[in-house]
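Grab a pencil and work through these exercises with the model open beside you. Try each task before you read its solution.

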Amino acid sequence: MARKKVLLSRIFPKLATQLLEEAGCEVIAWDKEQPMSYEELTSKAKNCDALFCTLTDKIDSTFLNACSHLDIITQFAVGYDNIAIEVATKLGIPVGYAPNAMNEATADIAFGLMIATARKMFFMNQKIKDGKWGSFDPVGHLGLELKGKTLGILGLGRIGMVMAKKCKGAYDMKILYHNRNSNPEAESELGATWVDFETLVAESDVISAHCALTPETKDIFNKSAFDKMKPTSLFINTARGAVHNETDLINALKKGSIWGAGLDVTNPEPMKPDNPLLTMENVCVLPHIGSATITARNEMARMGATNIISFYKQGTVPYIVNLEVL
Ligand code: GLV
């Protein structure tokens, strides 16, 4: 293979560089912790053949038109809402991604946030740090139990399925879900039931978002949805922050239309340190770490490198978003 220049937009797991170099690519890697600016990314990509990027990179129409020479783009994530896929497709640029790599890791975060929120764990931990342990309190800060409750999943795909299995196994939860298409595997294995979105929000005790961010799901958890939820319900979001309206979420928690929220994604990211969600008793927030395990991140690196290497060696992209390009 002729020596191809691959731009790595962030510091990715070493495995990505190792595999690309072993395959004869020249790797140009950004070496700072913070992402490079849009302008820097554009100017560096202009001198490269392939781009290995992630969700902090804005790969919009302007970027793609300026870098239409790129042979392939591969995304270090399962979600690719930061990439103008239709534009890439029109320009004939294949876009790879990393499906399945983080199913366990992200479902663990959703499951963990569900328990942490139900038991006010982050708030109670902060009390210790603030010197406010006090003493054993028979009636203070009581939480919720999850056994036998109803889990409602928006987007019962690969990650949602793992979350549903964990909830079924640990708490014998009843599973409701809303998807564009039904999920026969979830129905037969877990007894999951497809319901419309209104029923999902009205009947679930825990609502967990696992959907992609699309025009249909943007802001879907808004005032109208929160108003329909049970006042004892938990809202868990490990998908994308823009799936919920953050002002409406804050108001819903203040008003008591819902009981609590566990978020691994916020809107916007990063969340400002003075966001009221961070001091609410029934809220747990994490800084988008769903896929942050050694196993998941290495697998994501392997998938991205494999996409680029197979493209140059065989003309195929094993983990591809826009197959029609090939
Ligand atoms: C992380 O958010 C991902 O989409 O992989």
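Before starting, one definition: a crossing is left-handed if the near helix is turned anticlockwise from the far one by less than a right angle, and right-handed if clockwise. Keep in mind, too, that this is a predicted model.

**Exercise 1.** Work out how α1 and α12 are arranged relative to each other, and which residues make their contact.

*Solution.*
- Step 1: Find the helices. α1 covers residues 14–22 and α12 covers residues 294–314; their axes are 8 Å apart, at an angle of about 25 degrees.
- Step 2: Classify the angle. Angles under 35 degrees count as roughly parallel, so α1 and α12 are roughly parallel to each other.
- Step 3: Get the handedness. α1 passes α12 in a right-handed crossing.
- Step 4: List the contact. From α1 come Leu 15, Ala 16, Leu 19 and Leu 20, while α12 brings Asn 298, Ala 301, Arg 302, Ala 305, Ile 308 and Ile 309.
- Step 5: Sort those residues. You should get eight nonpolar, one polar and one charged.

**Exercise 2.** Now do the job again for α5 and α7: are they parallel or oblique?

*Solution.*
- Step 1: Helix α5 (residues 103–118) and helix α7 (residues 158–171) have axes that come within 8 Å and cross at roughly 50 degrees.
- Step 2: That angle makes α5 oblique to α7.
- Step 3: The crossing of these two, α5 and α7, is right-handed.
- Step 4: Among the α5 residues in the contact are Ala 107, Ala 110 and Phe 111, and the α7 side includes Val 162, Met 163 and Cys 167.
- Step 5: Sorted by type, the contact of α5 with α7 has eleven nonpolar, two polar and four charged residues.

**Exercise 3.** How many disulfides does the structure hold? Check Cys 48 and Cys 167.

*Solution.*
- Step 1: The count is zero disulfides.
- Step 2: Take Cys 48. Its closest cysteine sulfur belongs to Cys 67, 9.3 Å away, and a disulfide needs the sulfurs within 2.5 Å, so that is too far for a bond.
- Step 3: Take Cys 167. The nearest cysteine sulfur, in Cys 284, is 15 Å away, and Cys 167 is in no disulfide.
- Step 4: Look at burial. Cys 48 is buried at 4% relative accessible area, and Cys 167 is buried at 0%.

**Exercise 4.** Is Ser 208 buried or exposed, and what is it in contact with?

*Solution.*
- Step 1: Ser 208 sits in strand β9, residues 206–209.
- Step 2: With a relative accessible area of 0%, Ser 208 is buried.
- Step 3: Leaving aside neighbours within four places in sequence, Ser 208 is in contact with Ala 110, Leu 151, Gly 152, Ile 153, Leu 154, Met 163 and Ile 236.

Terms used. Residues numbered from 1 in each chain as written. Predicted model: local features only at pLDDT ≥ 70, side-chain atom pairs only at ≥ 80, totals over all residues. Heavy atoms only, no water. Axes fitted to C-alpha atoms, helices over the stretch in contact; angles between N-to-C directions. Helix = DSSP H or I, 4+ residues; strand = E, 2+ residues; numbered from the N terminus. Parallel < 35°, antiparallel > 145°, perpendicular 65-115°, else oblique. Contact = heavy atoms within 4.5 Å. Nonpolar A, V, L, I, M, F, W, Y, C, P; charged D, E, K, R; others polar. Buried < 20%, exposed > 50% of the residue type's maximum accessible area, 1.4 Å probe, protein only.
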